[in-house]
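Here's a quick tour to read with the model open beside you. Take your time and look up each spot as it comes along.

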Amino acid sequence: MSASNNISFSASPFTLIGIPGLEAAHFWLAFLLFSLYLFTVLGNGTIIYIIKAEQSLHEPMYLFLCMLAAIDILISTSTMPRMMDLLWFNSTTIGFDACLLQMFCIHSLSGMESTVLLAMAFDRYVAICCPLRHAAILTSPSIAKIGLAAVIRGATVMAPLPIFIKRLPFCGSRVLSHSYCLHQDVMKLACADIKVNIIYGLIVIISVIGLDSLLISLSYILILRAALSLSQEARLKALGTCISHVCAVFLFYVPFIGLSMVHRFGKIHGSNIHVVMANVHLLVPPVLNPIVYGVKTKQIHQRITRLFQRTTH
């Protein structure tokens with residue numbers, strides 16, 4: 001059979017893999033994933049409930065946190081249940097369209113999360129550097145518009161990715177190197193020129209992740225400069241409101257940028273570092289964000305404590 005006969009534009013399914021080297025432990029790892037997913041939904045859901053129920057928390061910082069928690073639940077829902085199905089029942093096959101849908105959800109939600117983290121940095125900048133204008137700049141309508149802009153930006157920027165994949169022919173192996181569908185992973189299985197995919201992927205990373213991380217860094221440079229002019233007590237109080245956000249930024253951007261670099265420039269054959277980094281990027285932040293904000297944010301911590309005290313009596 002000629003090579004040309006193996007080329008397919010049809011919607012043939014892809015094959016997902018579990019966690020390389022830990023195949024024997026897949027069944028038990030699924031229980032860990034289930035626990036992480038349950039904690040993600042409960043932790044982020046609790047934060048959303050508390051912010052919605054407490055009128056005093058209807059402020060920009062907490063409303064943006066509510067958006068972040070909702071996105072974390074959606075990201076986990078787009079990956080963890082499918083991973084548990086794979087690890088528990090060895091369900092390795094994923095349909096072509098289902099793969100594209102999962103890929104779009106993962107990338108678009110990541111873009112939305114990046115935008116919300118940028119909005120949170122802007123909120124901290126205005127609150128510390130221009131406190132008298134904070135209420136006038138970040139009104140309820142403007143916060144709603146920022147949230148809508150995050151959704152539109154994430155969806156429209158990532159929408160071409162599945163379209164670019166659908167135009168590609170595939171031949172040979174359809175085995176993905178992850179437990180879910182990522183654009184950079186799927187495109188490498190194509191037996192055609194993927195230059196358009198690579199260029200657009202780089203444009204997305206630079207214009208979304210690169211730009212957002214740069215603006216967040218700039219905002220904190222300005223925040224530090226403004227904080228240094230305050231008294232020691234006021235400085236500690238101002239910077240204390242930024243700790244949780246800085247942790248969330250590092251949890252999101254460091255694995256994301258590292259994963260992108262490994263996928264595009266990594267030449268370590270036989271290494272599964274990209275699999276580990278992908279799992280860290282998608283699974284860890286949604287679990288740790290509610291812990292960070294629950295511990296480091298006094299108002300959230302107090303209300304969570306009060307909520308648990310009510311449920312135990």
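## A first look around

Start with F39, which sits in helix α1 (residues 26-53). Helices (DSSP runs of H or I, at least four residues) and strands (DSSP runs of E, at least two) are numbered from the N terminus. You're looking at a predicted model, where local features need pLDDT of at least 70, side-chain atom pairs count only at pLDDT 80 or more, and totals for chains, interfaces and linings use all residues. Residues are numbered from 1 along each chain as its sequence is written, and side-chain values use heavy atoms, with hydrogens and water left out.

**How confident is the prediction?**

- Across the protein chain, the mean pLDDT (the predictor's confidence in each residue, from 0 to 100) comes to 88, and 92% of the residues reach 70 or more.
- Which elements have the lowest and the highest mean pLDDT? Helix α12 (residues 298-312) has the lowest, at 79, while helix α5 (residues 140-158) has the highest, at 97.

**On the surface**

- F39 teams up with L288, I291 and V295 to make a nonpolar surface patch of about 320 Å².
- To join such a patch, a residue needs over 30% relative accessible area and no salt bridge; nonpolar side chains (Val, Leu, Ile, Met, Phe, Trp, Tyr) are joined within 5 Å, and like charges within 9 Å. The areas come from the Shrake-Rupley method with a 1.4 Å probe, and for residues only the protein chains shown count as cover.
- Helix α11 (residues 273-296) gives the patch its largest share, three residues.
- Why does F39 count as partly exposed? That's because its relative accessibility is 37%; the label covers everything between buried (under 20% relative accessible area) and exposed (over 50%), using a 1.4 Å probe and protein chains only.

**An odd backbone angle**

- Most residues other than glycine have a negative phi.
- N90 isn't a glycine, yet it has a positive phi of about 55°.
- You'll find N90 in the loop between α2 (60-89) and β2 (93-94), and it counts as exposed because its relative accessibility is 58%.

**Salt bridges**

- Side chains of opposite charge can pair when their charged atoms come close.
- How many salt bridges does a search of the whole structure find? It turns up six, with a salt bridge being a side-chain nitrogen of Lys or Arg within 4 Å of a carboxyl oxygen of Asp or Glu.
- One of them joins the side chains of E54 and R303, at 3.5 Å from N to O. This pair ties together distant parts of the chain, 249 residues apart: E54 is in the loop between α1 and α2, and R303 is in helix α12.
- E54 is partly exposed because its relative accessibility is 24%, whereas R303 counts as buried because it has just 14%.
- E54 also pairs with R306, where the closest N and O atoms are 3.9 Å apart. Here too distant parts of the chain are linked: R306 lies in helix α12, 252 residues from E54. With 37% relative accessibility, R306 counts as partly exposed.
- Another bridge brings D212 and R153 together, at 2.8 Å from N to O. D212 belongs to helix α8 (residues 195-228) and R153 to helix α5, 59 residues apart. D212 is buried, with a relative accessible area of 1%.
- Shared partners join E54, R303 and R306 into one salt-bridge network.

**Pockets and cavities**

- The largest pocket holds about 580 Å³ of space, and 24 residues line it, with M61, R124, K237, T241 and Q299 nearest its centre.
- On a 1 Å grid over the protein atoms alone, a pocket is an open set of points with protein on both sides within 12 Å along at least five of seven lines, a cavity is a set where a 1.4 Å probe fits but cannot get out, and lining residues have an atom within 4 Å of a point. Points are joined across faces, edges and corners, and a volume is the space filled by probe spheres set on them.
- Which element gives the largest share of the pocket lining? It's α3, with five residues.
- There are two cavities of 30 Å³ or more, and the largest has a volume of about 210 Å³. Of the 17 residues lining this largest cavity, H107, Q184, I205, F256 and S260 are the closest to its centre.
- The largest share of that cavity's lining, four residues, comes from α10.

**One last stop**

- T297 is in the loop between α11 and α12. Is T297 buried or exposed? It's buried, with a relative accessible area of 7%.
- T297 and P141 are 156 residues apart in sequence and 25 Å apart in space, C-alpha to C-alpha.
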